[in-house]
Structures are given as C-alpha cells and as structure tokens.
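This report describes selected features of one protein model. Look through the sequence and the structure before reading on.

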Amino acid sequence: MEKQLKGFRVWSGAALLAGLLLRVWCVRHLALIAGDSLVYADIATNWLKHGIYGISGSSPGEIHPTLIRLPGYPLFLAACFRVFGLQNFRAVLWTQVATDLATCCLIAGLVNRLFGRRAALFAVWFAALCPFTAAYAAQPLTESLVLTTIAAALYAFARWQHGGLGYNRWLWITAAALAYSILLRPEQVLFAVAVLAGMFWCLLRQRHAGRRFAEATLPVLAAAVCVVLPLVPWAIRNQRTFHVLQPLAPRYANDPGDLPPLGFARWYRTWAIEFADTENVYWNYAGTPIALADVPSRALDGGSAAGTQGMRARTTKLLADYNATGTDSTEVDPVMDARFGELAAERIHAHPVLYYFALPVARVLDMTFRPRTEMIPVPLDWWAWGKHRAQTAYATAYAALDVAYIALGLAGFLVWKGRRWRTEEASGSRELAAAMVAAILLRAALLLTIDNSEPRYTLEFFPILFVFAAALFARADEAER
C-alpha cells in the first residue's frame, strides 16, 4: 500500500510538472494583453488609485463609473497589482498558472474520492496537459479563475455530501466558490443553480430518515443565501450610482444611457455561425468598417432568385452607409441600428426555423467543436487547405483533440451511470453527477440565446469532462474516503 501511494505521488507530481511546463510555454508564447484584459485592468487600476469602480475617459484624469463588468476579476487584478505593482500582468499570469494547477489538484482530489487513485492519476494528467485550459492561464481574462471555482465547488460538494450533509465547513466552502464564480462571470448563476439543486436533492433524502422537510433543507438554503449575499452590495452600488436594478451585468456590456446594438445583433443572429463571423463582423460594429466580403452568402439569401438579388442589394447599401457614417464613433447610431433591425425582421419572417432553431444550434456546436485556436496564430479560415496547409493540418488535429476530450467525458459519464459501485462514495454520488450534467445542459441552453460564437464560452465544460473521463479508468472497489 505504501509503495502504491508513493508511486501515485511521484506520477501525480510528474503530471503537475508537465502541466507547469506547458503553462510556462503558454505564458511566454501566447500571452496577449488586449481587449477585455485592458478593460478589466483599467477598472482595477482606477479602483486602486482613485477608489472609483470605473473606466478611464478620453481626457486625463477622467473616470466614468461603470457596471459593464462584475467586480470578481477586477478584484483579483487589484490584489495582484497591490502586491506586485500596477499593470504587472506577468505577475497576474503566473498567479493564474498557480491557480490553474490548483484546479488540476482539485479535480484529482475529487476523482480520488469518487473512483480511487488510479482514476485520479489519469484525471490529473488529463487536466494538466489539456492545452485548451492551459492557454487561458496565459490570458488576463476570467476563464482560468472560473475553472478553479468550478473545480473547488464540485470538490467541496463531494466532501460536504460525504461529511454528513450538515453545517460543516465544506458547505461554506461550496457557497464561497459559487459566490466568487458568479462575481467572475454572470452566467455562472446557472452553475450555482445546478450545484445547489444537487445539494437540495441530497438533503431531501434525509426527509425519509425521519427528519422534517424544513429541517432537512435548511443547510442548502443557508448556502444559497451565502451565494447571493455578495451580489447585494454590488446591486446597491449600481442602484445608487446609476439608479437601475442591476445585480449582475448587462447582456451587451453597456452602461445605463448607452444604446445597446439591438438591431444589429438581431440581424447578425439571422446568419452568423462561425467564430470568424464574430471576429470579422460582430466585434467591428460601431467604430470599425464591415466588409461585404466578410458576410457569408447565407446572409444574402432571400429565398428565391429575385429575393436574393433584392436582399443582396439592400445589405450592400446598408453596409456601405454604415461604413460611411457608422465608424466615426464607438457609440451605436440609433437610426443605423434601426435599419439593421428592419432588415433582420424581414429575414426572420422569411426563415423563422433557421433563426429560432437551426442557427442557435449551429453556433453552440461551433463553440463546442471548433478548433480552439483563438489564442494561437492560426487563420480564421483554418479549413482553407489550399491557402495554408500546415496550419490547416494543425487546426484539424487540435479539433480532433477537442473531440477526443468530449468523447472521453461522455463515455466516462455512461460508465459512471451504468456501473454498480461497491463503495458508498461512488455509488452515492448520483446527485453530484446530476449537478454536473445539469450545469452543462443549462450552460448549453444559455448559449443558444447569445449572438457571438466564441469557443471560450464552452471552456467551462472541461473540469466536468475531466471528472467524467476519469471514470473510464476506475476500479469499482478502489474509491476511498
């Protein structure tokens, strides 16, 4: 037994070392400080230096209060800047490398409790060498910390579940992980709902043991209050500053008074699928020209030859007018946006099934199975074999690896669901498994409603996939307390 434990520690350490080397390479070669990273850093800097949760204006010293981003990541950046110096992004990235490796350890710890050391060893290798999650440790964005909160919440849930389902420390750790996850990204509310529902299901079983319903369910209600509690001061601040009820963050990341691009977004949803559409068109609106060549032919489909001809003419005219006047400012032009909305209404009327069903599903599939090369210098049209064969081959292999992770996770879930486990931890973990499945399904349902297709929005699936995949390598009699 001692020899087996020593071997487990040696190989786990080797996995973490390999994971560290991978993340060091990512920090040195893939780090990119741009876009949302600069927004978060600006908020954190203004918060530290001036005590204002806001964005710098065009004039020196001008700061505008904002609510476009939740305070979780700016708080993390502010802490790093306080310790390591303002705008020290390298320190931020190395800190994220450490938290990402901690995520691997939490996943391995969870799998060890569920399926034993053998499965935990596979899990830590899966997680440590996953290039998709490792790449985001090298980006000053919320994703890496969100993965840590997911792993922490699932691990704490399992410890709470097998620690008596009462007011033990793991209840509060679960609540804290869920609360901070929401402060990082608003859609993590759905993950919290899935986990709290799983905990509620665990507590309902105690009702059959002679406990009253109210008494049995009080711990999960207490945890739910703790999850929501950090949003209260944020909502109060937004009410006092902007006179709006905004406990999370607005869908279009617009401050009160700023016009969201509703018309353009609706037109975009009538044809968009690929991440290339997001980068070439969606992100360009209000401030940057949009080329007709970047709009796919399906955006010009009018249902017939005459209809297509008319649709092409109207779309060409609209984009030409936008490029002539709509790029002078980053603010949305209400007249131009209304014109996009009118064209969208016409297209939706002609293709309702496409708009309400086919395209949303296609976007989710693209986010899930597209090569996750958004952080790697691979062309957006990665499939164009004749233009860049080496990069197309690389992207195809990257996509195959993504599919392999997903397939292993699905197969592992089916094994976990179908096997008769001999240990209490593994056999009694159906509530945890249900919570993880619910988290994936709820997130996929939310992704059906968004405009832009970005592979990073499905990155949150991976901690769950790592756990599921590890079940393939488990022995039913090996799980430990």
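## Helices H3 and H8

H3 and H8 are roughly perpendicular to each other, because the angle between them, about 95°, falls in the range of 65 to 115 degrees that carries this label. The model is a predicted one. Helix H3 covers residues 72-84 and helix H8 covers residues 169-184. Where they pack, their axes are 6 Å apart.

On the H3 side, the contact is made by Gly72, Tyr73 and Phe76. On the H8 side, Tyr180, Leu183 and Leu184 take part. Sorted by class, the contact of H3 with H8 has five nonpolar residues, one polar residue and no charged residues.

## Helices H15 and H16

Two packed helices are described by the angle between their axes and the distance between the axes. For helix H15 (residues 334-350) and H16, the angle is about 85° and the axes are 4 Å apart. H15 and H16 are therefore also roughly perpendicular to each other.

Which residues of H15 meet H16? They are Ile348, His349 and Ala350, and their partners in H16 are Pro352, Tyr355 and Tyr356. The contact of H15 with H16 contains five nonpolar residues and one polar residue, with no charged residues.

## The second largest pocket

Helix H16 (352-369) also helps to line the second largest pocket. Helix H17 (389-418), helix H19 (430-447) and helix H20 (462-470) contribute as well, and each of these four helices supplies at least two residues of the lining. The volume of the second largest pocket is about 340 Å³.

In total, 15 residues line the second largest pocket. Those that lie nearest its centre are Ile406, Ile440, Leu441, Phe461 and Leu465. What classes of residue make up the lining of the second largest pocket? There are 13 nonpolar and two polar residues, and no charged ones.

## Cavities

Rolling a probe the size of a water molecule over the atoms shows where empty space is left. How many cavities of 30 Å³ or more does the structure hold? It holds four.

The largest cavity contains about 100 Å³ of space. Its lining includes Ile150, Glu187, Gln188, Leu190 and Phe191. Further along the sequence, Ala439, Ile440, Arg443, Leu446, Glu460, Phe461 and Ile464 also line the largest cavity. Helix H9 (188-207) and H19 are the elements that give two or more residues to this lining. The largest share, four residues, comes from H19. By class, the lining of the largest cavity has eight nonpolar, one polar and three charged residues. Ile440 and Phe461 line the largest cavity, and both are also among the residues nearest the centre of the second largest pocket.

## The second largest cavity

The second largest cavity has a volume of about 50 Å³. Among the residues that line it are Pro131, Phe132, Ala135 and Tyr136. Arg372, Glu374, Met375, Ile376 and Tyr398 are also part of the lining of the second largest cavity.

Helix H6 (residues 131-137) provides the largest share of this lining, with four residues. The lining of the second largest cavity has seven nonpolar and two charged residues, but no polar residues.

## Two residues of helix H1

Leu5 has its place in helix H1 (residues 2-30). Leu5 counts as buried because its relative accessibility is 19% and the cut-off for buried is under 20%. From C-alpha to C-alpha, Leu5 and Ala153 are 26 Å apart in space, and they are 148 residues apart in sequence.

Ser12 is also found in helix H1. Is Ser12 buried or exposed? Ser12 is buried, with a relative accessible area of 12%. Ser12 and Ala120 are 108 residues apart in sequence and 8.7 Å apart in space, C-alpha to C-alpha. With neighbours within four places in sequence left aside, Ser12 is in contact with Leu121 and Val124.

## Two loop residues with positive phi

Gln87 lies in the loop between H3 and helix H4 (89-115). Although Gln87 is not a glycine, its phi is positive, at about 60°. Gln87 is partly exposed, with a relative accessible area of 39%.

His243 is found in the loop between helix H11 (231-242) and helix H12 (262-269). His243 is not a glycine either, and it has a positive phi of about 60°. With a relative accessible area of 61%, His243 is exposed.

Terms used. Residues are numbered from 1 along each chain as its sequence is written. This is a predicted model: local features need pLDDT of at least 70, side-chain atom pairs count only at pLDDT 80 or more; totals for chains, interfaces and linings use all residues. Side-chain values use heavy atoms; hydrogens and water are left out. On a 1 Å grid over the protein atoms alone, a cavity is a set of points where a 1.4 Å probe fits but cannot get out, and a pocket is an open set with protein on both sides within 12 Å along at least five of seven lines; lining residues have an atom within 4 Å of a point. Grid points are joined across faces, edges and corners, and a volume is the space filled by probe spheres set on the points. Ala, Val, Leu, Ile, Met, Phe, Trp, Tyr, Cys and Pro count as nonpolar, Asp, Glu, Lys and Arg as charged, and the others, Gly among them, as polar. Axes are lines fitted to C-alpha atoms, for helices over the stretch in contact, and angles run from 0 to 180 degrees between N-to-C directions. Angles under 35 degrees count as roughly parallel, over 145 as roughly antiparallel, 65 to 115 as roughly perpendicular and the rest as oblique. Contact means heavy atoms within 4.5 Å. Buried means under 20% relative accessible area, exposed over 50%, partly exposed in between (1.4 Å probe, protein chains only).
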